[in-house]
Amino acid sequence: MLVDLRIQNYALIESLELRPSPLLNIITGETGAGKSIMLGAIGLLLGNRADGKLLFDTARKCVIEGQFDIASYQLQDIFEAEDLDYDAQCILRREISPTGKSRAFVNDTPVTLEALRKIGANLMDIHSQHDTLLLGDTVFQLNLLDLYAGLVPQRTHYSNAFRQYRKLEAELKTLEDQSNQANAQLDYNSFLLNELEEASLDNEDQDALEQEVKQLEHAEEIKYKLSQALHGLRDSESCATGTMKDASTLLGQVAAYAENFRELRQRLESCLIELHDIADEVETAERRTEGDPARTEELQERLNVLYTLQRKHAVRELGALLAVRDELRQKVGNVLNLDKQIARVRKDVEAALTAVTKQAAKLSESRRKSFPRFEQELRDLVADLGMPNARIVVDHRAGAPSASGTDVVNILFTANKGAQPQTLSKAASGGEFSRLMLCVKYLLADKTALPTIVFDEIDTGISGEIAVKVGRMMQQMARKHQLVAISHLPQMAAAGDAHYFVYKEDRADRTVSRIRQLGEEDRIKEIAHMIAGAKPSANALQSARELLALRGEAMAG
């Protein structure tokens, strides 16, 4: 409930503070005194769009702050979803700068307007004659019927099952789209894959193949050059090995004269050994080098296969070609796996739809059972508020499964005897709509923790005993939910637990709107003014006392 409301620098309000009663609060005042301005400020606090032109002093910012006790509202999940610290005492604040820039805060943490609206919607409900149009919305009607029948947990259970069904349905659609796309390319991808598989690329060494082909193509040249090299190394009279051997003999002859001669001979002997090894390997290579046209053709054909595949897949090396093959394997394999996944998910979708259908049927049955009781209770309430011939019928038909079930409802109404009930938008006048909405909220008051409800002249179009009954109905609602009602009726004014008076104060430079709580005597005078005008008679004052006495009796009852 609202514990404290502060408004600074807004329209005609220079500074205003309201600490409402937890029960029924009545606000009265002359037309234009500032009651609607206060509602506008509350609207800003709940996330309505701001206008810098509404500042009382255009040189200072406007600040609207409300403190709420939210311990009974179970709003922890909303605070967690908005990444806000939860506290049973919640402070909403809205600031509008002279430039029109707006900032919003929840417990001193900056938030977006959307976050402020989400939280504010659970703290205050401003109800005006225009808001009664909401009652004509079929989704709103279904929600209130579920609240009335206590079906919110059952509906939540169904909604969770429906969301899971839709999630699986979306997953199936995605898989089917993927399958259709993959199947469109399956033949081509399979052809490419088969081509690569047939090429047997796994144990291939392209560099070795290219090297062997080069050797085979130049076999005669290689053999001749190796023969010439061998001749120079070992097979001629002046070959390198013979010359080095002679040099080694000469160094051996002088080795006894100096240590360095002996070392030089040892180094030359090592070189001679290495040269003999080289000559042997050259001889072996020369002997093995032979032209092989058949082998050359075989290798060239193999390389041509590799080169063709590389050009086809726009790669330059064998490793990249292997990567292409592996990717094609995955694509082709995915098509087969997709079929298995689709079959599995389709089975899950069918099971989820069966579960949703069963739960929807149970929810629908529970709803239909509650309709006669709802119709009767609402009929009795509106009859007590001056519509004794009213008829209320919940029109029901089955629809397609949705997040709220398979039920489509429409509350039909007529206030006139013998008339056929019609949709609310056609059948109810503004005053009837207002009283009907009041009765609906009265029914819901025992079913759920409603936020602070602000009624803006909901009593328009009624008077006399009906106004007294509306006041009593609000008193009963206020025993469990905080109410604030703006009214022009003395009967309503007398029903409040607390009575606030909004008035204008004319200064030398401008007019200011103020509010004050009335004591018992001031309250009698204000109600008498509402009955008889600016100069109430003794009878009007007595009538005011009697109305307040009726309030006391109602509270005692």
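Helix α1 (residues 35-45) lies across β1, β2, β4 (62-69) and β5 (89-96). Its direction makes an angle of about 105 degrees with β1. Such angles run from 0 to 180 degrees between N-to-C directions, with axes taken as lines fitted to C-alpha atoms, for helices over the stretch in contact. Contact means heavy atoms within 4.5 Å. Helices (H or I, at least four residues) and strands (E, at least two) are DSSP runs, numbered from the N terminus. The model is predicted: local features need pLDDT of at least 70, side-chain atom pairs count only at pLDDT 80 or more, and totals for chains, interfaces and linings use all residues. Residues are numbered from 1 along each chain as its sequence is written, and side-chain values use heavy atoms, with hydrogens and water left out.

The strands β2-β1-β4-β5-β6-β7, in that order, build an open sheet of six strands with antiparallel pairing. Two strands pair if DSSP finds at least two bridges between them. The edges are β2 and β7 (109-111), each of which pairs on one side only. On average, neighbouring strands of the sheet are turned by 15 degrees against each other, direction ignored.

At one edge, β1 (residues 2-10) and β2 (residues 13-18) run antiparallel and are joined by five bridges. Leu5 has Leu18 in β2 as its bridge partner. Two residues separate the strands of this hairpin. In the turn, Ala11 has a positive phi of about 50 degrees. At the other edge, three bridges pair β6 (residues 102-106) with β7 in the antiparallel sense. Here Phe105 stands opposite Pro110 in β7.

Helix α11 spans residues 318-384. It bends by about 30 degrees at Phe371, and Pro372 follows within four residues. The bend at a residue is the angle between axes fitted to the seven residues ending there and the seven starting there. Just after α11, Gly386 takes a positive phi of about 95 degrees.

In soluble globular proteins, nonpolar side chains tend to be buried together. A nonpolar core is a set of buried Ala, Val, Leu, Ile, Met, Phe, Trp, Tyr and Cys residues joined through side-chain atoms within 4.5 Å. Buried means under 20% relative accessible area, exposed over 50% and partly exposed in between (1.4 Å probe, protein chains only). The largest core holds 55 residues, of which Phe374, Leu378, Leu438, Phe455 and Met474 touch the most other members. Helix α13 (residues 430-445) gives the largest share of this core, eight residues. Apart from this core lies another, of 44 residues, with Ala11, Leu16, Leu39 and Ile515 among them. Beyond its neighbours within four places in sequence, Phe455 is in contact with residues including His127, Leu438, Lys441, Met474 and Ile486.

Five aromatic pairs occur in the structure. Rings of Phe, Tyr and Trp (its six-membered ring) pair if their centres lie within 6.5 Å; planes under 30 degrees apart count as stacked, over 60 as edge-to-face and the rest as tilted. The rings of Tyr158 and Phe162 have centres 6.1 Å apart and planes at 25 degrees, so this pair is stacked. Both residues lie in helix α5 (residues 152-198), four residues apart, about one turn of the helix. Tyr158 counts as buried at 0% relative accessibility, and Phe162 counts as buried at 6%. The rings of Phe162 and Tyr165 have centres 6.1 Å apart and planes at 50 degrees, so this pair is tilted. Tyr165 counts as buried at 10% relative accessibility. Tyr158, Phe162 and Tyr165 form one aromatic cluster.
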